[in-house]
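Good morning, everyone, and thank you for making time for this. I would like to walk through one structure with you, slowly enough that someone meeting it today can follow along.

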Amino acid sequence: MITDSVKAVGLASFAGEKVLDVWYPDPTDADSDLGHLATVDEARGVEQRPLVTEISDLSAPPADAADAYLRLHLLSHRIHRPHDISVEGIFGVLNNVVWTTE
């Protein structure tokens, strides 16, 4: 397992203070300015705003939803290989999200 730390800026969708998802356009960039993408969707009660996520130990299980989404981005961008970082218990930190056409 890799114990390196990683830090990145993402655009998080919030329902109140609950993180629904986070998009990291470049999961290796801790200096991105995503403030211009911040929005509020009052009809759905969702706000999108930048979020800085730092993981100090990739061999430890994800601590929260933002941590989990950063790990998934590190895998899908092929920055880390499967089984090189811990995703143990990932479903326990992700919030259920319901998609709708409304």
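Let me begin with a question about the strands: how many bridges join strand 1 to strand 2, and do the two run parallel or antiparallel? Five bridges join strand 1, residues 6-15, to strand 2, residues 18-23, and the two strands run antiparallel. Before going further I should say that what you see is a predicted model, and that the values I mention are computed from it.

Within this pairing, A12 stands opposite V22 in strand 2, which gives you a place to start if you want to trace the two strands by eye. Strand 1 and strand 2 form a hairpin, with two residues between them, and in the turn you will find G16, whose phi is positive at about 70°.

Let me step back to the overall layout. The protein has two helices and four strands, and if you read along the sequence the order is β-β-β-β-α-α, with the strands coming before the helices.

Strand 1 has another partner as well, namely strand 4, residues 46-55, to which it is joined by nine bridges, again in the antiparallel sense. If you look for a pair of residues to mark this, V9 has V52 as its bridge partner in strand 4. Strand 4 in turn pairs with strand 3, residues 39-41, over three bridges, and this pairing is antiparallel too; here V40 has E47 in strand 4 as its bridge partner. Strand 3 and strand 4 form a hairpin with four residues between them, and the turn holds G45, which has a positive phi of about 70°.

Now to the protein as a whole. How does its radius of gyration fit with that of a compact globule? For 102 residues a compact globule would have a value near 13 Å, and the protein has 14 Å, so the two agree. Along the principal axes, the C-alpha trace spans about 45 × 30 × 20 Å. Of the 102 residues, 33% count as buried, and the accessible surface comes to about 6,400 Å², with 50% of that area belonging to carbon and sulfur atoms. If we take the contacts with a separation of 6 or more, residues 24 or more positions apart account for 62% of them. As for charge, there are 7 positive and 17 negative charges, and their mean positions lie 5 Å apart.

With that background, let us look at a few residues where helix 1 meets other parts of the chain. A65 is found in helix 1, and it counts as buried because its relative accessibility is 5%, under the 20% cut-off. Leaving aside residues up to four places away in sequence, A65 touches V19, V93, L94 and N95. One of these, V19, belongs to strand 2 and is itself buried, with a relative accessible area of 13%. Apart from its neighbours up to four places away, V19 touches S13, F14, A65, A66 and N95, so if you follow the contacts of A65 and V19 you will find N95 on both lists.

H73 is also found in helix 1, and is it buried or exposed? It is buried, with a relative accessible area of 14%, and, with residues up to four places away left out, it touches V22, W23, Y24 and P27. You may remember V22 as the residue of strand 2 that stands opposite A12.

Finally, I would like to turn to the loop between helix 1, residues 65-76, and helix 2, residues 90-93, where R78 is found. Most residues other than glycine have a negative phi. R78, however, has a positive phi near 60°, and H83, which is found in the loop between helix 1 and helix 2, has a positive phi near 75°. Are these two residues buried or exposed? R78 counts as exposed because its relative accessibility is 76%, and H83 counts as exposed as well, at 73%. To place R78 relative to the strands, its C-alpha atom is separated by 24 Å from that of V19, and the two residues are 59 apart along the chain.

That is where I will stop, and I am happy to go back to any part of the structure you would like to see again.

Note on methods. Residues numbered from 1 in each chain as written. Predicted model: local features only at pLDDT ≥ 70, side-chain atom pairs only at ≥ 80, totals over all residues. Heavy atoms only, no water. Rg over C-alpha atoms; globule rule 2.2 N^0.38 Å. Buried < 20%, exposed > 50% of the residue type's maximum accessible area, 1.4 Å probe, protein only. Contact = heavy atoms within 4.5 Å. Areas by Shrake-Rupley, 256 points an atom, 1.4 Å probe, with all protein chains shown as cover. Lys, Arg positive; Asp, Glu negative; His and termini not counted. Charge placed at Lys NZ, Arg CZ, Asp CG, Glu CD. Pairing = 2+ DSSP bridges.
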